[in-house]
Amino acid sequence: MGDIQTQIGDPGIDLGELFRNSHIREVLDQLDRDLVGLKPVKTRIREIAALLLVDRVRKQLGMTGGAPSLHMSFTGNPGTGKTTVAMRMAEILHRLGYLRQGHLVAVTRDDLVGQYIGHTAPKTKEILKKAMGGVLFIDEAYYLYRPENERDYGQEAIEILLQVMENQRDDLVVILAGYKDRMDRFFQSNPGMSSRIAHHIDFPDYAIDELLAISELMLGRMQYRLSEQAKDTLRAYIARRITRPNFANARSLRNALDRARLRQANRLFEAAAPVSADALATIEADDLLKSRVFEDEAPAQP
Amino acid sequence: MMTNTGNRITQGQFSFLPDLTDAQITAQIRYALKNQWAVSVEYTDDPHPRNTYWEMYGNPMFDLKDPAGILMQINNCRKTFPNHYIRVMAFNSARGVESPAMSFIVNRPETEPGFGLVRQEVDGRAIRYTVHSYATDKPENERY
């Protein structure tokens, strides 16, 4: 014990230096750049990164704290970036040396639960084997548990999952994802699952400004841009779209932009005039105004 | 004369060495996965050298990235068949090769009685020789 104390006291370890060497900053910076908003998510990722870094230093000094449990649950509305973050999480944990391979295996109930007796266990184990050394991402995890059918095989899959989550903590990280209310109910009826997950992260809905920033990021990636007028129109579009039922945050936005591209292409085509590179890359207000979202109030428009 | 004092059967890789530890098995599997070979686990209680096809324990494991999953399968097989021979095979599916690239034993029965020499008298004074595993005198699953 005294040994360890002198070791800590004497040289002093530069955590910043270690942080730079691990190249974790690049991943975190990229996360900041590519993902708009999502404050609580980013904070938690930073905390996990810090914990793993400190853990590594402790290990070097011979202090054992046991591998921390990093199973997570991502809850949030559709289109809030759960899958995207999970993908990043695999890379981050790989860089921090927590995961050996850093790949992501994304599955749903169909991939885990079989159709007849004795079919579930091999199926679930197969997937678990594939996910070893990486992240197992279970989308809409609450479908695993069907309380209305007591002979449902989902329970079997959950039990196998729990066993591996407990015994092979350093071999894989399990991330469950789904809508908030349903996930809460799922955890209530599976307390074993809830207690084995250390990190419950909630993905907030995006604000209008954030959605606008996201759409510009998306368009930038596809080598498009908005004209000044189109920007205002898009803001109006988002404000309307957000109140509609079935609004799925960034996903709805991506679909809307895809439709705008369609209309832009059509407009250029029907103009039947030579087009400049500039025109090919610009989305005009008109392309957005033709959306159904604006239709309801068509008479109000000039 | 006895050249194989422990009566340990010697098939596949590493069979003249002491049993591999889990860490060593993991290292071998990592090599197989690096070469994109499909790894499978097989078991038998008939160790005759001409018994080429052992029983498969689960399907061959394709698309795996990490040896931990295969080690899990090996350990499950050991638990189910603690007194059988268990081997790990790596299959190379490259066109033109399409054959096992690695094969090594990861589990043996506690005692291996070994093989006896059988002499069969045929036509006149001619004799045919063959080996016979003492273990196979008993029915399946009672051999070790």
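This briefing covers model confidence, the contact between chains A and B, and one helix pair in chain A. The model is predicted. Chain A has a mean pLDDT of 85, with 94% of its residues at 70 or more. Helices α3(A) and α5(A) pack with their axes 9 Å apart.

**Confidence in chain A**

- Among the elements of chain A, strand β3 (residues 135-139) has the highest mean pLDDT, 94, and helix α1 (residues 2-9) the lowest, 47.
- Over residues 1-9 of chain A, pLDDT stays under 50, and the model has 5 contacts beyond four places in sequence for this stretch.
- Residues 298-302 of chain A also stay under 50 in pLDDT, and for them the model has 0 contacts beyond four places in sequence.
- Where pLDDT is low, the predicted coordinates should not be read in detail.

**Contact between chains A and B**

- Chain A contributes 12 residues to the contact and chain B contributes 10.
- On the side of chain A that touches chain B, 5 residues are polar, 4 are charged and 3 are nonpolar.

**Helices α3 and α5 of chain A**

- Helix α3 (residues 24-34) of chain A packs on helix α5 (residues 82-95) of chain A at an angle of about 165°.
- Angles over 145 degrees count as roughly antiparallel, and α3(A) and α5(A) are therefore roughly antiparallel to each other.
- The crossing of α3(A) past α5(A) is left-handed.
- From α3(A), the contact uses A:Ile24, A:Val27 and A:Leu31; from α5(A), it uses A:Arg88, A:Glu91, A:Ile92 and A:Arg95.
- By class, this contact of α3(A) with α5(A) has 4 nonpolar and 3 charged residues, and no polar ones.

Methods:
Residues numbered from 1 in each chain as written. Chains lettered and ligands numbered in written order. Predicted model: local features only at pLDDT ≥ 70, side-chain atom pairs only at ≥ 80, totals over all residues. pLDDT = per-residue confidence, 0-100. Helix = DSSP H or I, 4+ residues; strand = E, 2+ residues; numbered from the N terminus. Contact = placed C-beta atoms within 7 Å. Nonpolar A, V, L, I, M, F, W, Y, C, P; charged D, E, K, R; others polar. Axes fitted to C-alpha atoms, helices over the stretch in contact; angles between N-to-C directions. Parallel < 35°, antiparallel > 145°, perpendicular 65-115°, else oblique. Left-handed = near helix turned anticlockwise from the far one by under 90°.
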